[in-house]
Amino acid sequence: DSNCLNMNDILGDLNQDETLNILDIIIMVDIVLGNLIPDEYMQLSGDVNQDTILDVIDIVGLVWMILES
C-alpha cells in the first residue's frame, strides 16, 4: 500500500537516514515554508501527528520526538 509507511520506516525521518535529527527538521521547515515539494515518502513520514497535513504542528512534534529520544 503506497499510503502507509513500511515497518522499517521511521516516522519523522524525512531524509531516510534511519535517524531523527536536525536534518529532518530542516527538511520539514522547507516543506512547510513551501521551499520544497515533498515526495510521497516525505509526506507520509513528515505527518507526525497523522492529520494528513504537513504544518508547524508536525515540526513541533518532530522536535519533541528528537528531544525524547
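Which residues make a nonpolar surface patch of about 520 Å²? They are Val56, Ile57, Val60, Trp64 and Leu67, and the legends below begin with the whole chain before returning to them.

**View 1. The whole chain of this predicted model.** The chain holds 3 helices and 0 strands, in the order α-α-α from the N terminus on, where helices (H or I, at least four residues) and strands (E, at least two) are DSSP runs numbered from the N terminus. Buried residues, meaning those under 20% relative accessible area (exposed is over 50%, partly exposed in between; 1.4 Å probe, protein chains only), make up 29% of the 69 residues.

**View 2. The surroundings of Asp13.** Asp13 lies in the segment before helix H1 (22-32), and because its relative accessibility is 2%, Asp13 counts as buried. Leaving aside residues up to four places away in sequence, Asp13 touches Glu18, Thr19, Leu20, Asp24, Tyr41 and Ser45, a contact being heavy atoms within 4.5 Å.

**View 3. Ile57 and the nonpolar patch.** Ile57 is found in helix H3 (residues 56-68), and it counts as partly exposed because its relative accessibility is 48%. Patches are made of residues with over 30% relative accessible area and no salt bridge, with like charges joined within 9 Å and nonpolar side chains (Val, Leu, Ile, Met, Phe, Trp, Tyr) within 5 Å; a salt bridge is a side-chain nitrogen of Lys or Arg within 4 Å of a carboxyl oxygen of Asp or Glu.

**Notes to the views.** Residues are numbered from 1 along each chain as its sequence is written, and side-chain values use heavy atoms, without hydrogens and water. In this predicted model, local features need pLDDT of at least 70 and side-chain atom pairs count only at pLDDT 80 or more, whereas totals for chains, interfaces and linings use all residues.

Terms used
Areas by Shrake-Rupley, 256 points an atom, 1.4 Å probe, with all protein chains shown as cover.
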